[in-house]
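Here's a quick briefing on charges, contacts and burial in one protein chain. Have a look at the sequence and the fold before reading on.

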Amino acid sequence: MIKNLFSQKKLILSCEVYPPKKEADFNKIFNVLDDIAAESPDFISVTYGAGGSNVGKNVEIAAYIKKLGIESLAHITCIGYSRENIDEGLDKLKEVGVDNVLALRGDVPKDMTEEQFKSRDFTHASDMVAYI
């Protein structure tokens, strides 16, 4: 787990990647990850994508990172997602062996209405953390 890295007295190298917006570019991320893996980072974090774009692709990317033998940190945001969505996402991460998450509020998606924003299950990332 990533939290154990910080108890060691050593320099920690991490990288962050994000799912490409275009489906046609998606396979390129795996080549990039292979190149990054050659540098032996301690962990690689995977964002949800800007404004929640490509949600779900971060699970596939995080799983690939784990297959490379590198710790993976998946971002999970609470804006626009219900408890059920969060549970589903966490279950998928668990299935692929990803046990590190970074809980964030996240950006408001461009297509989110004010009604949807106000009716969300979690106001702050700390609310989601308490739930998790």
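Is Lys10 buried, partly exposed or exposed, going by its relative accessible area? Lys10 is partly exposed, because its relative accessible area is 42% and the partly exposed class runs between the 20% and 50% cut-offs. Keep in mind that this is a predicted model. The rest of the briefing goes through the salt bridges, then helix α2, then a charged patch.

**Salt bridges across the chain**

- The model has 6 salt bridges in total, including the three picked out here.
- Lys10 pairs up with Asp42 in a salt bridge, with 2.7 Å between the closest N and O atoms.
- That pair links distant parts of the chain, 32 residues apart: Lys10 sits in the loop between α1 (2–5) and β1 (14–17), while Asp42 sits in the loop between α2 and β2 (43–46).
- The two partners have their own burial classes: Lys10 is partly exposed at 42%, whereas Asp42 counts as buried because its relative accessibility is 16%.
- Glu23 makes a salt bridge with Lys57, and here the closest N and O atoms are 3.3 Å apart.
- Glu23 is in the loop between β1 and α2 and Lys57 is in helix α3 (residues 57–67), so this bridge ties together parts that are 34 residues apart in sequence.
- Glu23 itself counts as exposed, because its relative accessible area is 52%.

**A salt bridge within helix α4**

- Glu88 and Lys92 form a salt bridge too, with their closest N and O atoms 3.7 Å apart.
- These two are 4 residues apart in helix α4, so about one helical turn separates them.
- Glu88 is partly exposed at 46% relative accessibility, and Lys92 is partly exposed at 40%.

**The two sides of helix α2**

- Helix α2 covers residues 28–37, and its buried residues are Ile29, Phe30, Leu33, Ile36 and Ala37.
- Those buried residues are on the same side of α2, because they cover an arc of only 115° around the axis.
- On the face turned away from that buried side, you'll find the exposed residues Lys28 and Asp35.

**A negative patch**

- Glu84, Asp87, Asp91 and Glu95 form a negative patch on the surface.
- Asp91, one of the patch residues, lies in helix α4, which runs over residues 83–95.
- Asp91 counts as partly exposed, because its relative accessibility is 46%.

Technical notes. Residues numbered from 1 in each chain as written. Predicted model: local features only at pLDDT ≥ 70, side-chain atom pairs only at ≥ 80, totals over all residues. Heavy atoms only, no water. Patch = residues over 30% accessible without salt bridge, like charges linked within 9 Å, V, L, I, M, F, W, Y side chains within 5 Å. Areas by Shrake-Rupley, 256 points an atom, 1.4 Å probe, with all protein chains shown as cover. Salt bridge = Lys/Arg side-chain N within 4 Å of Asp/Glu carboxyl O. Lys, Arg positive; Asp, Glu negative; His and termini not counted. Charge placed at Lys NZ, Arg CZ, Asp CG, Glu CD. Buried < 20%, exposed > 50% of the residue type's maximum accessible area, 1.4 Å probe, protein only. Arc of directions from axis to C-beta.
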